[in-house]
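Got your viewer open? Let's take a quick tour, one selection at a time.

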Amino acid sequence: MTKRVASFTIVPKDRAMTMRGADQLGSAAARMAQLDGFLAASSGLSSLDLTLNNLGDEGAAHATSRVLGRNTRLQELQLRENMLGAPGMQLLAASLAACRDLVRLDVSANALGPAGVRSLCEALGKLRKLEGLGLASNQMGDAGAAHLAGVLEDSHALRHLNLQWNDITARGAFHLACVMGQCRKIEALELGGNNLGKEGGWLVAGALAGCPQLRTMDLEGNNIGDQGASRLAGVLGCCSSLTRLNLSMNDIGSEATMQIAREMHHCRALTNLDLSFNAMGQQASLCLLEAAKGCESLLSLRIAGNKRGTGSMRLAELQGLVPALKVEVR
């Protein structure tokens, strides 16, 4: 049953509650008044979604602390897009730490910065069951990455980590790479939209050898170049569980692309490979297509935005040999 409150929606179902769109109510006082009514009914929840409410520091801290106080067995908490900064995270960190059963936490698209991430990490150290952590678009930078690395080495249950769009460079990549080997259960690592560069790409790629269960790897838009891509090719033999690999927009040339093509056979579960908008030439594109023939699981290969001259007749021939494969060349 869905209950309408002002202009946002509350959906109670199976001990889960969702409140979205409260930002449409206008004033902060109006949002808080409706929020208090919403929270009064919350107890025994396993899931709470407060995405896209623009609660701000005080509102987010008030809301979350109040809910967590009577829902310490909460397993999933969504706080995306709430204008939550370092002061708010400092206020609610203690309440988060009390939720020892929390499995998924998403605070993406806020403004935590390094200080907010540091406060969050104080809580993360207590959350031994946490499997999914979303921190995308939080301006955490290298300092935030260093704070996070300090708790990741003890996050043995972690399976999904999203750090996209956080201004992380090679310095932050160094801290993360040092502890990735401790996250033996990690299945998805999303680092797209940062600024790792060649050195950072090299460091992260090398660390993947210690992540045998990795299934999804996103390095889009990091300018890792041939240096980072070559190192990644060298560890593909340790990534037999990999299903999705996104290396688009990384200034990867022909030589590194051909190295990846030669090592693709190790990834027996690979379904999606994205090398679009790089700097490979015709020969490298054809090497990828040839390698795809031996990759029976591969369903999608994106090489659009590279140098022209892939060779339409040869492409058609190769696609005929792998009819289930979708190839995007332009």
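At roughly what angle do the axes of helix α6 and helix α7 cross? Select residues 170–180 for α6 and residues 197–207 for α7: their axes cross at roughly 10° and come within 8 Å. Anything under 35 degrees counts as roughly parallel, so α6 is roughly parallel to α7. Keep in mind that you're looking at a predicted model.

Next, show side chains where these helices touch. On the α6 side, pick Ala170, Ala173, Phe174, Ala177 and Met180. On the α7 side, pick Glu199, Gly200, Leu203, Val204 and Ala207. Colour that set by residue character and you get eight nonpolar residues, one polar and one charged.

Now zoom out to the whole protein. Switch to cartoon: there are eleven helices and 14 strands to find. Colour by burial, and 53% of the 330 residues come up as buried. If you turn on a surface, the accessible area is about 14,100 Å², with 49% of it belonging to carbon and sulfur atoms. For a contact map, look at pairs with a separation of 6 or more: 83% of those contacts link residues 24 or more positions apart.

Last stop: colour by pLDDT. The mean is 86, and 82% of the residues reach 70 or more. Then select residues 1–14, where the pLDDT is below 50. Beyond near neighbours in sequence, this stretch still has 32 contacts in the model. Where pLDDT is low, predicted coordinates shouldn't be read in detail.

Conventions. Residues are numbered from 1 along each chain as its sequence is written. This is a predicted model: local features need pLDDT of at least 70, side-chain atom pairs count only at pLDDT 80 or more; totals for chains, interfaces and linings use all residues. Side-chain values use heavy atoms; hydrogens and water are left out. Axes are lines fitted to C-alpha atoms, for helices over the stretch in contact, and angles run from 0 to 180 degrees between N-to-C directions. Helices (H or I, at least four residues) and strands (E, at least two) are DSSP runs, numbered from the N terminus. Angles under 35 degrees count as roughly parallel, over 145 as roughly antiparallel, 65 to 115 as roughly perpendicular and the rest as oblique. Contact means heavy atoms within 4.5 Å. Ala, Val, Leu, Ile, Met, Phe, Trp, Tyr, Cys and Pro count as nonpolar, Asp, Glu, Lys and Arg as charged, and the others, Gly among them, as polar. pLDDT is the predictor's confidence in each residue, from 0 to 100. Buried means under 20% relative accessible area, exposed over 50%, partly exposed in between (1.4 Å probe, protein chains only). Accessible areas come from the Shrake-Rupley method with a 1.4 Å probe; for residues, only the protein chains shown count as cover.
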